[in-house]
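Dear colleague,

Please find below the sequence and the structure for your consideration. My notes on it follow directly after.

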Number of protein chains: 2
Amino acid sequence: MRTVWWSKNRVKLIDQTKLPFKTEVLEFRDYRKLARAIKEMRLRGAPAIGVATALGIALGINHSKASSFRELSKELDRTIKTFQGTRPTAVNLFWACRRMKKKFRENRGKSPKEIKRILVQEAKRITQEDIDCCKRIGELGASLIKKGDSILTHCNAGALATAGYGTALGVIKKAHEEGKRIKVFIDETRPRLQGARLTTWELKREGIPFTLITDNMAGYFMKKKEIDLVIVGADRIAGNGDVANKIGTYPLAVLAKEHKIPFYVAAPTSTIDLRLPSGNRIPIEERNTREVTHMGGRALVPKGTKAANPAFDLTPNRYIKAIITEKGIARRPYRQSLRKICGW
Amino acid sequence: MRTVWWSKNRVKLIDQTKLPFKTEVLEFRDYRKLARAIKEMRLRGAPAIGVATALGIALGINHSKASSFRELSKELDRTIKTFQGTRPTAVNLFWACRRMKKKFRENRGKSPKEIKRILVQEAKRITQEDIDCCKRIGELGASLIKKGDSILTHCNAGALATAGYGTALGVIKKAHEEGKRIKVFIDETRPRLQGARLTTWELKREGIPFTLITDNMAGYFMKKKEIDLVIVGADRIAGNGDVANKIGTYPLAVLAKEHKIPFYVAAPTSTIDLRLPSGNRIPIEERNTREVTHMGGRALVPKGTKAANPAFDLTPNRYIKAIITEKGIARRPYRQSLRKICGW
């Protein structure tokens, strides 16, 4: 299953706001429209946002009418700026911008036509690399899963959050493929219900048994000893191992600690932001509070109700048992282990 | 504001499934229909369920055609059994049954007509006592609130959860009346959104400033030091101070402990079940999973999705800083303090 991909000079993606009821593929020729789709969360998940950004930059450059390297360079900066204005927390977006810009600079002097070809190729490579990363994360992570484990996951860190396969769900899928007879608890993940809409949809396709719960039920099932471990994705990991992820992740980490249940994070190294010494500097996106007060266009609450809608929270490194990346499993102290894994 | 009351040989109540959009009053002549309304959560909240049960028993007896004490006694048992089959967790229901039965027995030998009058009077007294209890809980509890405190509450422990005024919201209302300039965070409380629908509606009427959040956001705001204390109601309190309350209460207690924030429970003594040595024996109601998978008749999830729906969870006594009752504030060790308060 593919989430976002390059096809005949266009970028295509599955509209995740329509799932699980309709599998609708959107086509983009205009990178600005793709950027808007990211903002509207038609595609979400940090690795998927990174890939879509790389493909979007290639799209912008590929359709550019610029006739010189200088003009193309300006076009690139505009394109990058547009994507950087979409979602502030997922660092993969900024990583993809840097990587595309680096490739562009390395090819200074080549013709615009040649550079276009190279950037499209680079974006396609980033797409494939993301899938390969997920598969490797799955393999490494599955070694942490025991036969019969009951696993809690939050939000969607699956194929839909990446170019394909998934991070936290990659681990779950691989453990399932290995015949470990796992069971999964899926947090519905308010306000946008990515768990209820997307993770259920993915696990159903894979034939992995699961139970959907509301976010506030995790403690109940941990206390009943029905959950053996927690595994989630990440939107940004600071140099010390602090993790920003979907709102509601931090309470799960606290509950896991209270119940002595291991709490794992699975993410590609492109999610690691070594320049940030701690998670406190990770910008947390605040989204429209209508996501909380309305559902499917219908108000849930009295008119004029004030609400809050931080889209992510921060889990301090001390709650995290291990961070599973495609280059290895990092453990405390993360300042050392993450640097080693990233080759810094 | 009244939630449930006796009026001209009928029981009336506000249909809480219609709030906040419609204030519809339902009228009952048939106690079985009232019992069904409790099961469907048209009225909910442990103290309100207790009051509705007392009024419902009076309703059943009052309309009975029994011509002897013996027949009336059978009728009473049938009525009580019907109410006892509605919701298993809220102990106030069983408390109300015992109290009505006691009053009935005390009047053995009187004419059916006289007994009917006495039981209606007793149910009305229970209604008024509940309001008085809440006001006293409010007064006692407000002493724990400091000027400018930011208070998190879960579900609805307000006027709508009682005959009037409320328990946890009674404390909040009283602190507000005393000019303490408090602010409130309201958990939306999935799956039935009592926080989003009912607590917002009540606080808006009172002019108390509040912010609605999804259940999974509480940890984020505690970590940002934006919450000074948590106060919730209770559906049943065991002899050792373990508290069963709306699903999602326990994770808040764990988070409060982690952030060194006091966690208070406010409830009338009719919610205390001294016969239970610990909370482990409190029956936890499992409700239809459609409450999780659907909203307003619309599916949120892929067809055939398996879900869980425990309606309550259990908070062990060690997480609870104090239990505020109408007869005093109980503190650890609760086994002693609760007995003293209940006069055992």
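In this predicted model, chain A superposes on chain B by a rotation of 180° with 0.0 Å of shift along the axis, at an RMSD of 0.0 Å (least squares on the C-alpha atoms of residues with pLDDT of at least 70 in both copies). The two copies are thus related as by a two-fold rotation axis.

As to conventions, residues are numbered from 1 along each chain as its sequence is written, and chains are lettered from A and ligands numbered from 1 in the order in which they are written. Local features need pLDDT of at least 70 and side-chain atom pairs count only at pLDDT 80 or more, while totals for chains, interfaces and linings use all residues; side-chain values use heavy atoms, without hydrogens or water.

The interface draws 57 residues from chain A and 57 residues from chain B, contact meaning heavy atoms within 4.5 Å. Of the interface residues of chain A, 100% are also interface residues in chain B, so the copies meet through the same surface. About 4400 Å² is buried between the chains, 65% of it from carbon and sulfur atoms (accessible area lost on being put together, 1.4 Å probe, summed over both parts). Asn216(A), Tyr220(A) and Glu258(A) supply 15% of the area that chain A buries against chain B, more than any other three residues.

In chain B, β1, β2 and β3 form an open antiparallel sheet in that order. Helices and strands are DSSP runs numbered from the N terminus (H or I, at least four residues; E, at least two), and two strands pair if DSSP finds at least two bridges between them. β1 (4-7) and β3 (25-28) of chain B each have a single partner strand, so one side of each is left without a neighbour in the sheet. Four bridges join β2(B) (residues 10-14) to β3(B), and Val11(B) stands opposite Phe28(B).

Helix α2(B) lies across these three strands, at about 25° to β1(B); axes are lines fitted to C-alpha atoms, for helices over the stretch in contact, and angles run from 0 to 180 degrees between N-to-C directions. Helix α2(B) (residues 46-62) also packs against α4(B) (residues 91-106) at about 35°, with the axes 7 Å apart. Residues in that contact include Gly50(B) and Ile57(B) of α2(B) and Leu93(B) and Met100(B) of α4(B).

In chain A, an open sheet of mixed pairing has the order β11-β8-β9-β14. Strand β8(A) (residues 236-238) pairs with β11(A) in the parallel sense over two bridges, and Ile237(A) stands opposite Ile272(A).

With kind regards

Note on methods
Buried area is the accessible area (1.4 Å probe) that two parts lose on being put together, summed over both.
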